[in-house]
Amino acid sequence: GYWQSPRHAYLIAADGVVYMCPRSICTTTNRWDVKGGLFYWDSEPCDILKLTGKTFVYREVGAGGEGYKLTRITKEQAE
């Protein structure tokens, strides 16, 4: 689905690819996965702090702080 960070919108696709939006002008992609209860962004393991239908918060394993927050948005908002 489509998610908004403080800086960018992303499409986090079911096939494990993350596309920066708007896709018509952005070529940046990343990879994601979930293994052993951890979220991986480009092979970096992250603790999942919160995951609901509207909010996703994760933080690199061993890091402090509140984590990185993504908020669910629509395709129209992202593109």
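Here are some numbered notes on the predicted model shown above.

1. Let's start with the overall fold. The model has a closed barrel of 8 strands, in the order 1-2-3-4-5-6-7-8, and the pairing is antiparallel. Neighbouring strands in this sheet are turned against each other by 35° on average, if you ignore direction. As a reminder, strands of a sheet pair through backbone hydrogen bonds, and they can do so in a parallel or antiparallel way.

2. Now for the N-terminal end of the barrel. Strand 1 covers residues 2–4 and pairs with strand 2 through 3 bridges, in the antiparallel sense. If you want a spot to look at, Gln4 has Ala9 of strand 2 as its bridge partner. The two strands make a hairpin, with 4 residues between them.

3. Strand 2 is worth a closer look. In a regular strand, side chains alternate between the two faces of the sheet. Which residues of strand 2 sit on which side? Ala9 and Leu11 are on one side, Tyr10 and Ile12 are on the other, and all of them are buried. So both faces of this strand, residues 9–12, are covered.

4. Next door is strand 3, residues 17–21, which pairs with strand 2 over 4 bridges, again antiparallel. Leu11 is matched with Tyr19 of strand 3, and Ala9 is matched with Cys21. That gives Ala9 a bridge partner in strand 3 as well as being the partner of Gln4. The hairpin of strands 2 and 3 has 4 residues between the strands, and Gly16 there has a positive phi near 90°.

5. Strand 3 itself is mostly out of sight. Of its 5 residues, 4 are buried, so the strand is largely enclosed by the rest of the structure. On its other pairing, strand 3 runs antiparallel to strand 4, with 3 bridges joining them. Tyr19 has Thr29 of strand 4 as a bridge partner, and Tyr19 is also the partner of Leu11.

6. If you're wondering about cysteines, how many disulfides does the structure hold? The count is 0. Cys21 has its closest cysteine sulfur in Cys26, but at 7.4 Å that is too far for a bond. Cys46 is in no disulfide either, as its nearest cysteine sulfur belongs to Cys21 and lies 19 Å away. Are Cys21 and Cys46 buried or exposed? Cys21 is buried, because its relative accessible area is 6%. Cys46 counts as buried too, because its relative accessibility is 2%.

7. There's a backbone detail right after strand 3. The peptide bond from Cys21 to Pro22 is cis, with omega near 0°. Pro22 belongs to the loop between strand 3 and strand 4. It's a good place to pause when you trace the chain out of Cys21, the residue that pairs with Ala9.

8. The loop between strand 5 (38–41) and strand 6 holds Asp42, and Ser43 is found there as well. Asp42 has a phi near 50°, which is positive in a residue other than glycine. Ser43 is not a glycine either, and its phi is positive at about 70°. How accessible are they? Asp42 counts as partly exposed because its relative accessibility is 35%. Ser43 is exposed, because its relative accessible area is 63%.

9. Moving along, strand 6 (residues 44–51) and strand 7 (residues 55–60) run antiparallel and are joined by 5 bridges. Cys46 stands opposite Glu60 of strand 7. This is the Cys46 that counts as buried at 2% relative accessibility.

10. Last, have a look at the surface. Val34, Ile48 and Leu51 make a nonpolar patch of about 250 Å². Val34 comes from strand 4, residues 29–35. Val34 counts as partly exposed because its relative accessibility is 44%.

Notes:
Residues are numbered from 1 along each chain as its sequence is written. This is a predicted model: local features need pLDDT of at least 70, side-chain atom pairs count only at pLDDT 80 or more; totals for chains, interfaces and linings use all residues. Side-chain values use heavy atoms; hydrogens and water are left out. Patches are made of residues with over 30% relative accessible area and no salt bridge: like charges are joined within 9 Å, nonpolar side chains (Val, Leu, Ile, Met, Phe, Trp, Tyr) within 5 Å. Accessible areas come from the Shrake-Rupley method with a 1.4 Å probe; for residues, only the protein chains shown count as cover. A salt bridge is a side-chain nitrogen of Lys or Arg within 4 Å of a carboxyl oxygen of Asp or Glu. Buried means under 20% relative accessible area, exposed over 50%, partly exposed in between (1.4 Å probe, protein chains only). Two strands pair if DSSP finds at least two bridges between them. Axes are lines fitted to C-alpha atoms, for helices over the stretch in contact, and angles run from 0 to 180 degrees between N-to-C directions. A disulfide is a pair of cysteine sulfur atoms within 2.5 Å.
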